[in-house]
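Okay, thanks for having me, everyone. I'd like to walk you through one structure today, so let me put it up on the screen.

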Amino acid sequence: MNKVILVGRLAQDPEVRYTQSGKAVASFSLAVNRFGGGAQGQNNADFIPVVAWEKLAETCGNNLTKGQRVLVEGRLQIRSYEANDGQKRRIAEVVAQSIEFLERKQASSGDAGNIDVNSFGKDVFPDEEIPF
């Protein structure tokens, strides 16, 4: 059985491309904590390449940003390719089958997402001050 489950943070925004046949493919690295083993028992992170296809790829491109925490479930794939310099290379990557968003997307500084909903409706005016 080939099953991988990872929880980590996106190391960069997903890059979405399209194949010649029109299939969407998203790729990104996931920073996953590796406990211990560092100098003086410090935690280290592994940066694991993740690939998502078709609808899942488009969802990643539209909703995920660098630093966002996600859970990725998929399978490990090791593939070979020939680099531009003619050398044969091998790469290990996780092919995502499902991705759960563990945090909401961060709102940009000028976004309406910065409204304090707790302050809504606190300014109540007496009936005689309503201008209509």
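Before we start, one cut-off: a residue is called buried when its relative accessible area is under 20%, exposed when that is over 50%, and partly exposed in between. Glu 73 has a relative accessibility of 23%, so it counts as partly exposed. And keep in mind that this is a predicted model.

How confident is the predictor here? The chain has a mean pLDDT of 83, with 73% of its residues at 70 or more. Over residues 109-123, though, the pLDDT drops below 50, and that stretch has four contacts in the model beyond near neighbours in sequence. Where pLDDT is low, you shouldn't read the predicted coordinates in detail.

Right, on to the strands. S3, residues 24-34, pairs with S4, residues 44-53, in the antiparallel sense, and there are 10 bridges between them. One example is Leu 30, whose bridge partner in S4 is Ile 48. S4 also joins S6, but here the strands run parallel, with two bridges. Look for Val 50, which has Val 94 as its bridge partner in S6.

Let's stay on S6, which covers residues 88-101, and find Glu 93. Is Glu 93 buried or exposed? Its relative accessible area is 5%, so it's buried. What does its side chain do in there? It makes a polar contact with the side chain of Arg 79, at 2.7 Å. Setting aside neighbours within four places in sequence, the contacts of Glu 93 include Pro 49, Val 51 and Leu 76.

Ala 96 is in S6 too, and at 9% relative accessibility Ala 96 is also buried. Among its contacts further off in sequence are Val 50, Leu 56 and Glu 73. Ala 96 and Glu 73 are 23 residues apart along the chain, yet their C-alpha atoms are separated by 5.7 Å.

That brings us back to Glu 73 and to salt bridges; the structure holds seven. Glu 73 pairs with Lys 3, with 2.7 Å between the closest N and O atoms. Glu 73 lies in S5 and Lys 3 in the segment before S1, so this salt bridge ties together parts that are 70 residues apart in sequence.

Another one joins Lys 23 and Glu 54, at 3.7 Å between the closest N and O atoms. Lys 23 sits in the loop between S2 and S3, while Glu 54 is in helix H1, so the parts tied together are 31 residues apart. Lys 23, at 41%, is partly exposed, and so is Glu 54, at 42%.

Okay, that's my tour!

Methods. Residues are numbered from 1 along each chain as its sequence is written. This is a predicted model: local features need pLDDT of at least 70, side-chain atom pairs count only at pLDDT 80 or more; totals for chains, interfaces and linings use all residues. Side-chain values use heavy atoms; hydrogens and water are left out. Helices (H or I, at least four residues) and strands (E, at least two) are DSSP runs, numbered from the N terminus. Buried means under 20% relative accessible area, exposed over 50%, partly exposed in between (1.4 Å probe, protein chains only). A polar contact is a pair of N or O atoms within 3.5 Å; within protein, one must be able to donate a hydrogen and the other to accept it, and residues adjacent in sequence count only if both atoms are side-chain atoms. Contact means heavy atoms within 4.5 Å. Two strands pair if DSSP finds at least two bridges between them. pLDDT is the predictor's confidence in each residue, from 0 to 100. A salt bridge is a side-chain nitrogen of Lys or Arg within 4 Å of a carboxyl oxygen of Asp or Glu.
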